[in-house]
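Take a look at the structure below. This report walks through its sheet, its turns and its charged pairs.

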Amino acid sequence: MATDTATDVFEEHRPVLMGVAYRMLGRVADAEDVVQEAWLRWSSGDRADVREPRAYLVRITTRLALDRLRQVQARRETYVGPWLPEPLVTDFGPTVADTEEQAVLADSVSLAVLVVLESLSPLERAVFVLREAFGFPFAEIAATLDRSESAVRQLAARARKHVDERRPRYEVDPAERRDLTERFLAAAADGDLEGLMSLLAPDVELVGDSGGKAQAPLRVIESADKVGRFLAAVGREGITELEIRLLELNGAPAALALSGGKPDTVFQVEVADGRIQRIYAVRNPDKLLSLASY
């Protein structure tokens with residue numbers, strides 16, 4: 001296989017490889033490192049016997065991601081405050097024509113699901129990602145992980161049960177979610193407690209991720225009263241040279257707050273029955289670097 005052809009083949013499958021790596025690791029930088037290592041192995045290795053490049057590349061990427069995941073899990077045990085995935089800009093429209101497939105991909109990359117995936121074992125997470133997000137056959141996953149097909153099926157069943165038990169089940173029209181996001185941002189920016197209270201569910205949760213590198217709650221804040229008062233107080237303090245940009249992050253509407261032109265916070269809300277059920281606020285500057293150009 002010629003070098004230019006090898007490059008073309010790899011670039012054709014790069015979106016899938018990046019998708020697998022990000023869902024495995026929850027960080028863009030880690031996923032990019034894994035995909036780059038996969039490229040180095042692909043470009044320098046013997047490809048003469050490779051009959052199915054996609055399966056081969058996914059196998060390399062998954063194994064590399066498993067190794068990286070085991071390394072980063074130890075670091076996350078000492079993470080300061082709640083841990084959230086690094087926000088990822090998503091736009092499945094141009095690359096995924098089927099709307100049902102778009103929905104599956106968006107769901108599998110949502111912040112809520114990625115948080116739940118953190119509680120799986122590395123092998124369970126790999127099986128869940130390959131099977132649920134990308135639909136790989138059990139036999140192919142078994143070959144990727146060097147496990148029997150029956151063992152992979154058991155891992156898949158455990159992972160699916162675990163995710164189903166812990167993931168929130170909110171189904172809402174994207175337009176409604178975007179509308180509530182915009183109203184939430186306006187009320188929060190104005191320090192409007194009454195406006196916030198009209199949007200928040202009674203048992204709403206606020207999950208903030210700073211990694212100890214920015215101001216954010218070190219524990220999840222629960223209840224409309226506590227969340228509303230906290231956000232109203234923050235809004236009254238204000239953010240220097242505040243600018244808000246609406247983006248699609250992790251398959252859903254989100255807001256990027258910039259301070260002086262630099263990413264400051266990502267907000268995303270989960271909605272059910274016309275009220276905000278959960279608010280994610282990512283403030284760790286390391287997790288906002290990839291959004292600087294948006």
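## A strand in the middle

Is strand E5 largely enclosed by the rest of the structure, or is it left open? The model is predicted, and the count of buried residues gives the reply. Strand E5 covers residues 262-272, and 9 of its 11 residues are buried, so E5 is largely enclosed by the rest of the structure.

Look next at the strands beside E5. Strand E4 is made of residues 252-259 and pairs with E5 in the antiparallel sense over 5 bridges. Here Leu256 stands opposite Val266 of E5. Strand E6, residues 275-282, is joined to E5 by 7 bridges, and these two strands also run antiparallel. In this pairing Phe267 stands opposite Ala281 of E6.

## The whole sheet

Which strands make up the sheet, and in what order? There are 6 strands, and they form an open sheet in the order E2-E1-E6-E5-E4-E3, with mixed pairing. Strand E2 (221-222) and strand E3 (242-249) stand at the edges. Each has a single partner strand, so one side of each is left without a neighbour in the sheet. Strands of a sheet pair through backbone hydrogen bonds, either parallel or antiparallel.

The partner of E3 is E4: the two pair in the antiparallel sense over 8 bridges. Arg245 stands opposite Leu256 in E4. Leu256 also stands opposite Val266 in E5. Follow these three residues across the strands.

## Helices on the sheet

Two helices are worth finding next. Helix H9, residues 174-190, packs on the sheet and touches E3, E4, E5 and E6. The direction of H9 makes about 125° with that of E5. Helix H11, residues 224-237, packs on the sheet too. H11 touches strand E1 (200-209), E2 and E6, and its direction makes about 50° with that of E1.

## Turns and positive phi

What links E5 to the strands beside it? E4 and E5 form a hairpin with 2 residues between them. Gly260 lies in this turn and has a positive phi of about 60°. E5 and E6 form a hairpin as well, again with 2 residues between them. In that turn, Asp273 has a positive phi of about 55°.

Most residues other than glycine have a negative phi. Two loop residues are worth checking against that rule. Ser223 has a positive phi, near 95°. Ser223 sits in the loop between E2 and H11, and is partly exposed at a relative accessible area of 25%. Asn250 is not a glycine, yet has a positive phi of about 50°. Asn250 is in the loop between E3 and E4. Is Asn250 buried or exposed? Its relative accessible area is 2%, so Asn250 is buried.

## A nonpolar patch

Now turn to the surface. Ile239, Leu242 and Ile244 make a nonpolar surface patch of about 210 Å². Leu242 belongs to strand E3. With a relative accessible area of 38%, Leu242 is partly exposed.

## Salt bridges

How many salt bridges are there? The count comes to 24. One of them joins Arg160 and Glu132, with the closest N and O atoms 2.9 Å apart. Arg160 lies in helix H8 (residues 149-166) and Glu132 in helix H6 (residues 122-133), so the pair ties together parts that are 28 residues apart in sequence. Both residues count as partly exposed: Arg160 at 22% relative accessibility, Glu132 at 30%.

Glu165 forms a salt bridge with Arg166, with the closest N and O atoms 3.3 Å apart. Glu165 is exposed, with a relative accessible area of 51%. Arg166 is partly exposed, at 47%.

A further salt bridge brings us back to E5. The side chains of Asp264 and Arg283 meet at 2.9 Å, N to O. Asp264 is in strand E5 and Arg283 is in the segment after E6, so this pair links distant parts of the chain, 19 residues apart. Why does Asp264 count as buried? Its relative accessibility is 15%, and buried means under 20%. Salt bridges can also share partners: Asp30, Asp33 and Arg68 are joined into one network in this way.

Terms used
Residues are numbered from 1 along each chain as its sequence is written. This is a predicted model: local features need pLDDT of at least 70, side-chain atom pairs count only at pLDDT 80 or more; totals for chains, interfaces and linings use all residues. Side-chain values use heavy atoms; hydrogens and water are left out. Buried means under 20% relative accessible area, exposed over 50%, partly exposed in between (1.4 Å probe, protein chains only). Helices (H or I, at least four residues) and strands (E, at least two) are DSSP runs, numbered from the N terminus. Two strands pair if DSSP finds at least two bridges between them. Contact means heavy atoms within 4.5 Å. Axes are lines fitted to C-alpha atoms, for helices over the stretch in contact, and angles run from 0 to 180 degrees between N-to-C directions. Patches are made of residues with over 30% relative accessible area and no salt bridge: like charges are joined within 9 Å, nonpolar side chains (Val, Leu, Ile, Met, Phe, Trp, Tyr) within 5 Å. Accessible areas come from the Shrake-Rupley method with a 1.4 Å probe; for residues, only the protein chains shown count as cover. A salt bridge is a side-chain nitrogen of Lys or Arg within 4 Å of a carboxyl oxygen of Asp or Glu.
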